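Visitor: Please show me the structure, and let us discuss its strands and its backbone.

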Amino acid sequence: NGYTSNQTIDIGDDATFDNNSAGASEYDNGGAIFMYSNASDNTGYQSIEIGGTATFEDNIAGDDGGAIYMYSNANDDTGDQRIYIGGDATFTGNAAGYMEGDGNGGAIYMASETNNNTGNQSIEIGGDATFIGNTAGSDGGAIFMYSEGSVDTGYQRIDIGGDATFIGNTAGSDGGAIYMYSDSDNGDTGYQRIDIGGDATFIGN
């Protein structure tokens, strides 16, 4: 039997991640940030919190999560997954699967898989959100959210307090800008929701 503890990254002010890379193979994930949890029982929650503005530019991963990779897998329940940015967030020119051509989540990859119940997944940006020129070899040119459980899956939501701009993001398969998927084998799936407080612009995705 085994459990994993909670995983947190907490940055009180602004954060910049520029020109970071995670290898060139199909097993290299998270160009700037890699967060992984695997347990035979339950996994704890995963959280990235940036209090100020966040900039992720030109980060690359051989497989999933050009800028951010967050993954949780358990035989029992998985914990909640959350990315919170208090100010503006800018993701520009990040790439997933740039060598093998099958990566998901050009900017952000968030996935939870379990033989029981999955936790909730959320991306919260307090200010404006800008995603420009991010690419994924497979699904989710800018954002990839995936939840799969044998019983119930938690909710999936993206909350943007200000304006949202998605321009020129591309995916080799589904979701040029945003890919959101939830699957339950024997129970119920949670709701899926995108809330944008200001203007929304989606061009050329």
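The exchange below takes up a sheet and two loop residues.

Guide: This is a predicted model, in which local features need pLDDT of at least 70, side-chain atom pairs count only at pLDDT 80 or more, and totals for chains, interfaces and linings use all residues. Residues are numbered from 1 along each chain as its sequence is written, and side-chain values use heavy atoms, with hydrogens and water left out.

Visitor: Which strands stand at the edges of the open sheet of six strands?

Guide: Strands are DSSP runs of E of at least two residues, numbered from the N terminus, and two strands pair if DSSP finds at least two bridges between them. The sheet has parallel pairing and runs in the order β2-β6-β10-β14-β18-β22. A single partner strand is available to each edge strand, so one side of each has no neighbour in the sheet; these strands are β2 and β22 (200-203).

Visitor: Which residue in β22 stands opposite threonine 165?

Guide: Strand β18 covers residues 164-167 and pairs with β22 in the parallel sense over four bridges. Opposite threonine 165 in β22 is threonine 201.

Visitor: Is asparagine 19 buried or exposed?

Guide: Asparagine 19 lies in the loop between β2 (15-18) and β3 (21-22), and has a positive phi of about 60° although it is not a glycine. Buried means under 20% relative accessible area, exposed over 50%, and partly exposed in between, with a 1.4 Å probe and protein chains only. Because its relative accessibility is 56%, asparagine 19 counts as exposed.

Visitor: What is the relative accessibility of aspartate 58?

Guide: Aspartate 58 is in the loop between β6 (54-57) and β7 (60-61), and its phi is positive, near 60°. Most residues other than glycine have a negative phi. Aspartate 58 counts as partly exposed because its relative accessibility is 31%.
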